[in-house]
Amino acid sequence: MASIPIFLGFLSSIAVIAMVQVYRLFNYIFETIVEYSWHLIFFLPLIGLVASFILNQYFTKDKFSGCGTDLMIETYHHRNGIIDVKDVLIKTLSSTITLGFGGSGGLEGPSLLLGGGISSFILQKLKLKPKDIKLLYLCGAAAGFTALFKAPLTGILLALEIPYKRDIEKDAFIPAALSSVSAYVFSILFFGGESIFSTQASVIISTNLLIHAILLGIASSITALAFIKFLYGAKTFSRKLASKTGLWIPVVVGGISIGLIGLFYPQVLGVGYDTIRTFTNLTDNSMAIQALAAMLVLKIVATSLTVSSGGNVGLFIPALYVGGVCGLIYAEAFGLHPASIFALIAMGSIVAASTKSLLTGIIFVAETVGAGPIMFTVLSASISYFLTGKYSFYESQLNKKPSTKVEALLELEEIFKERKEALRNLNVSAIRLSKPIYFTVNMTVREALKIIRTNVYRTYPILNDNGQIVGSIDIETFFAIDKEKWDIPISELEVKKPLIVVSYQPMIRVIEEMLKSGEEHAYVVDNMQANHLIGVITASDIIRVLAEKI
């Protein structure tokens with residue numbers, strides 16, 4: 001079994017090397033045209049987006065466009081790692097065209113999708129078990145990332161962290177390590193062993209730097225949230241525009257807007273490696289704060305427009321770019337030297353916050369740039385990661401690893417979507433509601449334990465004096481309480497936010513909310529305003545009803 005991830009790492013690296021060469025070809029065409037006539041830069045992003053749109057709409061089965069990483073995660077969670085290899089190759093080609101012609105984004109999105117897609121194709125041919133295909137698909141994706149950046153530790157951590165916002169896929173550690181190291185070895189044989197970025201700055205440990213790392217973590221969280229929210233806003237606007245005017249209009253509007261940005265700030269177009277290298281090697285604050293602020297805002301705008309206009313690009317590198325600018329602005333505002341140290345710290349912070357991959361962001365900066373400020377990056381990234389809560393670039397990320405029952409819902413969700421005719425009117429009322437056994441906020445731990453002894457459930461709702469549900473609690477919480485504290489009220493314990501639904505809510509919406517939250521229970525109320533509990537449904541109840549219908 002160990003030989004399979006090694007082989008997948010080797011294949012993923014070959015595929016990514018080929019992808020990079022294709023990207024360089026299109027980027028060479030872009031640069032040649034711009035050298036001939038600078039003003040043609042206005043039209044080139046539009047050409048790239050139109051080509052990408054045509055490829056996605058007319059040559060693929062899956063019409064998904066946008067962040068390749070998001071599609072990779074969606075395939076992992078909802079398709080057991082099964083994706084059409086033809087779609088993967090065409091989407092990768094569309095990514096290289098989009099980025100080569102000036103679309104703003106990163107190559108890591110298509111590299112993850114390509115590594116995972118090639119692995120999925122091979123694994124299906126080997127007729128492995130679905131569970132093994134799913135796990136090794138993730139490892140192939142991580143190998144693709146490693147091959148691109150020559151960062152094996154980051155590739156391993158990415159496989160563990162990227163599927164979830166607040167959890168890890170620990171089963172992926174060993175196979176991801178094998179595939180990533182294999183991809184790394186082959187990649188350095190082809191590209192050489194030098195880091196993709198570098199820095200000459202040295203770190204002097206001081207109390208001031210510790211304080212600035214904390215403040216920069218807060219600033220990074222604000223910047224990351226702004227990036228995420230603008231990205232989602234651009235997607236929403238694009239969908240609304242397409243529904244009213246046609247699919248082509250958002251592509252044209254996005255392409256022209258990106259081209260206009262490129263006329264004034266060409267450094268925000270494309271993947272931006274050269275600009276990031278500049279950030280990591282600045283020794284003094286030679287860039288005006290106004291210019292840096294414009295670069296930060298326009299990079300967010302250009303990337304969001306590229307994704308919302310149909311460009312299949314990655315968001316990891318744009319987050320790195322925005323982090324570098326954020327750190328330089330911070331250094332300029334406080335007159336700090338060397339500026340590049342703060343760029344590095346903010347890079348790790350914004351990547352961790354926006355991708356919900358804390359260790360991945362930290363180790364990526366250490367592997368590709370330098371480990372000098374790593375302890376300050378850990379501090380800053382941890383702050384930004386937690387301050388941004390559950391906000392993430394990737395809509396397909398689950399909050400945490402689902403239970404076995406919720407995993408079964410993942411399987412049934414696809415069937416549910418495919419059979420809309422038979423299940424169109426299915427809502428919560430189709431399930432016979434269980435009579436809720438509940439606790440009240442003023443109930444003591446001792447009284448709650450008496451209820452648990454006669455009604456052995458894992459999770460119980462908590463109601464206030466008006467019969468409104470205000471939280472839920474797991475029985476594990478009670479196991480950690482000393483007997484001397486059994487007379488304290490439940491309200492003083494760790495209470496979870498409950499998943500609340502109404503009886504007329506469509507079943508597909510309940511399933512989606514269960515998948516996002518990882519909760520096995522949903523509490524049914526009469527209406528969202530009154531919030532009076534009338535019953536409880538579980539993942540098992542939904543599975544039973546769907547199985548009967550299907």
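This short presentation covers the overall fold of one protein chain and then the packing of two of its helices, α4 and α5.

Good morning, colleagues. Please keep in mind throughout that the structure shown is a predicted model.

I begin with the chain as a whole. The protein chain contains 22 helices and six strands. Along the principal axes, its C-alpha atoms fill a box of roughly 80 × 60 × 50 Å. For 550 residues, a compact globule would be expected to have a radius of gyration near 24 Å, and the protein chain, at 25 Å, agrees with that figure. Of the 550 residues, 57% count as buried. As for contacts between residues at least 6 apart in sequence, 78% of them join residues at least 24 apart.

I turn now to one helix pair. Two packed helices are described by the distance between their axes and the angle between those axes. Helix α4 spans residues 85-100 and helix α5 spans residues 108-125. Their axes come within 9 Å and cross at roughly 160 degrees. An angle over 145 degrees counts as roughly antiparallel, and α4 and α5 are therefore roughly antiparallel to each other. The crossing in which α4 passes α5 is left-handed.

Which residues make the contact? On the α4 side they are Val85, Val88, Leu89, Lys91, Thr92 and Ser95. From α5 come Pro110, Leu113, Leu114, Gly117, Ile118 and Phe121. Sorted by class, this contact has eight nonpolar residues, three polar and one charged.

Thank you for your attention.

Terms used. Residues numbered from 1 in each chain as written. Predicted model: local features only at pLDDT ≥ 70, side-chain atom pairs only at ≥ 80, totals over all residues. Heavy atoms only, no water. Axes fitted to C-alpha atoms, helices over the stretch in contact; angles between N-to-C directions. Helix = DSSP H or I, 4+ residues; strand = E, 2+ residues; numbered from the N terminus. Parallel < 35°, antiparallel > 145°, perpendicular 65-115°, else oblique. Left-handed = near helix turned anticlockwise from the far one by under 90°. Contact = heavy atoms within 4.5 Å. Nonpolar A, V, L, I, M, F, W, Y, C, P; charged D, E, K, R; others polar. Rg over C-alpha atoms; globule rule 2.2 N^0.38 Å. Buried < 20%, exposed > 50% of the residue type's maximum accessible area, 1.4 Å probe, protein only.
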